[in-house]
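Please find below a colleague's note, set out as numbered points, on some local features of this structure. The points are best read with the sequence and the coordinates open alongside.

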Amino acid sequence: MANAKSSGGRGASRGLRKPAEAVCTTPITFPLEWAKPRQIEPQECTVRVLAASADGIRLQVLPREASVRDILNATYGPPAWSDRYYFCGGVTHCQIGILSPVTGEHVYKDAGPMALPTTDTARMQENTSFLRAASKWGIAEDVMELKPIALKSSQVPVMQDAKGGYHPAVKLTVDRFARDEAGAITMVQFALSDGKKVLWPEKA
């Protein structure tokens, strides 16, 4: 006759384990929602003269670095963005990071510098790489897309110095922008320190 099974050996049977509960997360959908920066104003821009001759001048309109920082602070808040710099290929690059509301981590966009005439190359590279990186986030992007602008000596008077070089005889500031429906700048009005105003492109 078969013996009864012993009650010894393994202890009381364990109950079935409950399956791990699934972690529910909000699905990510594209495009992501980000705060939109405002347009930069003409008075927040500056004029850099690239070259001058008896025929006129060539200049670049750039956003002021302080104004771009103000827009970043107003749009995202000082704790939610950062800038950092690194040296690559012999020039300074800038990374601007903005805190993602989805991941809680900074997302970075990089840019290298512009090549502008300057007496302080390091400062110029740091400044213009910052402006170019900010434009990738849509800040003053329309201004950064402007190519160098040529103005005739009939529009902006020039003077020759003792060494034979030419310079504008007046100071230029950005007075007004005209933009198309897409937001691209189609016209720039400059104010001269002598009270005159000139347009680019020049009216026929």
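1. P201 sits in the segment after β11 (197-200), and the peptide bond that leads into this proline from W200 is cis, with omega near -10°. Please keep in mind, here and in the points that follow, that the model is a predicted one.

2. The segment after β11 also holds E202, whose partner K152 belongs to strand β6 (residues 149-152), so this pair ties together parts of the chain that are 50 residues apart in sequence. The contact between E202 and K152 is a salt bridge in which the closest N and O atoms are 3.5 Å apart. E202 counts as partly exposed, at 44% relative accessibility, and K152 is likewise partly exposed, with a relative accessible area of 48%.

3. A search of the whole structure returns 8 salt bridges. Another of these pairs joins R123 to E65, with 2.8 Å between the closest N and O atoms; because R123 lies in helix α2 and E65 in helix α1 (residues 65-76), the pair ties together parts that are 58 residues apart in sequence. Is each partner buried or exposed to some degree? R123 counts as partly exposed at 39% relative accessibility, whereas E65 counts as buried at 14%, since buried is taken to mean under 20% relative accessible area.

4. Helix α1 is also the place of R69, which is linked to D83 in strand β3 (residues 81-88), 14 residues away in sequence. In this salt bridge between D83 and R69 the closest N and O atoms are 2.9 Å apart. D83 counts as partly exposed, at 24% relative accessibility, and for R69 the value is 24%, which again counts as partly exposed. Through shared partners, salt bridges join E65, R69, D83, R123 and E126 into one network.

5. A backbone detail that deserves a look is A140, which has a positive phi, near 55°, although this residue is not a glycine. A140 lies in the loop between α2 (121-135) and α3 (141-144), and with a relative accessibility of 3% this alanine counts as buried.

6. On the surface, I28, F30 and V102 form a nonpolar patch that has about 330 Å² of accessible area together. V102 comes from the loop between β4 (91-99) and β5 (106-111), and this valine is partly exposed, its relative accessible area being 41%. That value fits the patch criterion, because members need over 30% relative accessible area.

Note on methods
Residues are numbered from 1 along each chain as its sequence is written. This is a predicted model: local features need pLDDT of at least 70, side-chain atom pairs count only at pLDDT 80 or more; totals for chains, interfaces and linings use all residues. Side-chain values use heavy atoms; hydrogens and water are left out. Patches are made of residues with over 30% relative accessible area and no salt bridge: like charges are joined within 9 Å, nonpolar side chains (Val, Leu, Ile, Met, Phe, Trp, Tyr) within 5 Å. Accessible areas come from the Shrake-Rupley method with a 1.4 Å probe; for residues, only the protein chains shown count as cover. A salt bridge is a side-chain nitrogen of Lys or Arg within 4 Å of a carboxyl oxygen of Asp or Glu. Helices (H or I, at least four residues) and strands (E, at least two) are DSSP runs, numbered from the N terminus. Buried means under 20% relative accessible area, exposed over 50%, partly exposed in between (1.4 Å probe, protein chains only).
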